[in-house]
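Subject: Handover of a structure and notes on its contents

Dear colleague,

I am passing the structure below to you for your records. Please look through it alongside the notes that come after it.

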Amino acid sequence: QVQLVESGGGLVQAGGSLRLSCAASGSISSINAMGWFRQAPGKQREWVAAITRGGSINYEDSVKGRFTISRDNAKNTVYLQMNFLKPEDTAVYYCNAAAGFWVGISPDYWGQGTQVTVSS
């Protein structure tokens with residue numbers, strides 16, 4: 001089992017920045033990909049960004065150039081630096097860790113979520 005604990009959410013004005021962190025514990029050696037999803041009210045959960053143990057990175061198109069994902073394998077932690085935030089970025093952000101080649105593919109694990117609210 002893997003446990004994920006997120007932190008760093010909050011309220012910020014449009015154009016501002018936040019940094020999310022997700023610390024993993026437990027069977028860490030089984031994890032390859034880590035990343036972030038988000039779910040806005042009334043919408044489906046969507047993938048945001050992910051990074052593999054080897055450093056491969058990809059982003060959802062709407063966050064490219066604004067969000068940066070990074071990973072500290074020694075600390076078993078993944079980060080999401082979010083700059084130039086927009087009201088449409090408002091959502092609950094969930095950390096995901098997966099044993100397979102990409103996030104969200106079973107077997108995978110979820111954090112409890114952290115709220116990000118961007119005011120206009």
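The notes below cover an aromatic cluster, the strand pairing and two loop residues. Please bear in mind throughout that this is a predicted model.

Aromatic residues and Arg45

The structure contains 3 aromatic pairs. In one of them, Phe37 and Trp110 meet edge-to-face, with 4.9 Å from centre to centre and 65° between the planes. This pair joins distant parts of the chain, since Phe37 belongs to strand 4 and Trp110 to strand 10 (residues 108–110), 73 residues apart. The two partners also differ in exposure class. Phe37 has a relative accessibility of 11% and therefore counts as buried, the cut-off for that class being under 20%. Trp110, with a relative accessible area of 36%, is partly exposed.

Ring pairs bring Tyr94 into a cluster with Phe37 and Trp110. Arg45 is placed over rings of this cluster. Its charged end sits over the ring of Tyr94, 3.7 Å from the ring centre. Arg45 also lies over the face of Trp110, where the distance to the ring centre is 4.6 Å.

Strand pairing

Strand 3 (residues 18–26) pairs with strand 1 (residues 2–7) in the antiparallel sense, over 6 bridges. Within this pairing, Ser7 has Ser21 of strand 3 as its bridge partner. Strand 3 also pairs with strand 8 (residues 77–82), again in the antiparallel sense and over 6 bridges. Here Ala23 stands opposite Thr77 of strand 8.

Two loop residues

Which loop holds Pro41? Pro41 is located between strand 4 (33–39) and strand 5 (46–51). Its relative accessibility is 74%, so Pro41 counts as exposed, a class that begins over 50%. Pro41 and Gly104 are separated by 63 residues in sequence, and their C-alpha atoms are 20 Å apart in space.

Ser62 occupies the loop between strand 6 (57–59) and strand 7 (67–72). Is Ser62 buried, exposed or partly exposed? Its relative accessible area is 36%, so Ser62 is classed as partly exposed, because that class covers values between the 20% and 50% limits. The side chain of Ser62 makes a polar contact with the side chain of Glu60, at 2.3 Å. Ser62 and Asn76 are 14 residues apart along the chain, and 27 Å separates their C-alpha atoms.

With kind regards

Notes
Residues numbered from 1 in each chain as written. Predicted model: local features only at pLDDT ≥ 70, side-chain atom pairs only at ≥ 80, totals over all residues. Heavy atoms only, no water. Helix = DSSP H or I, 4+ residues; strand = E, 2+ residues; numbered from the N terminus. Buried < 20%, exposed > 50% of the residue type's maximum accessible area, 1.4 Å probe, protein only. Polar contact = N/O pair within 3.5 Å; in protein donor to acceptor, adjacent residues only side chain to side chain. Phe/Tyr/Trp six-rings, centres within 6.5 Å; stacked < 30°, edge-to-face > 60°. Lys NZ or Arg CZ within 6 Å of the ring centre and 35° of its normal. Pairing = 2+ DSSP bridges.
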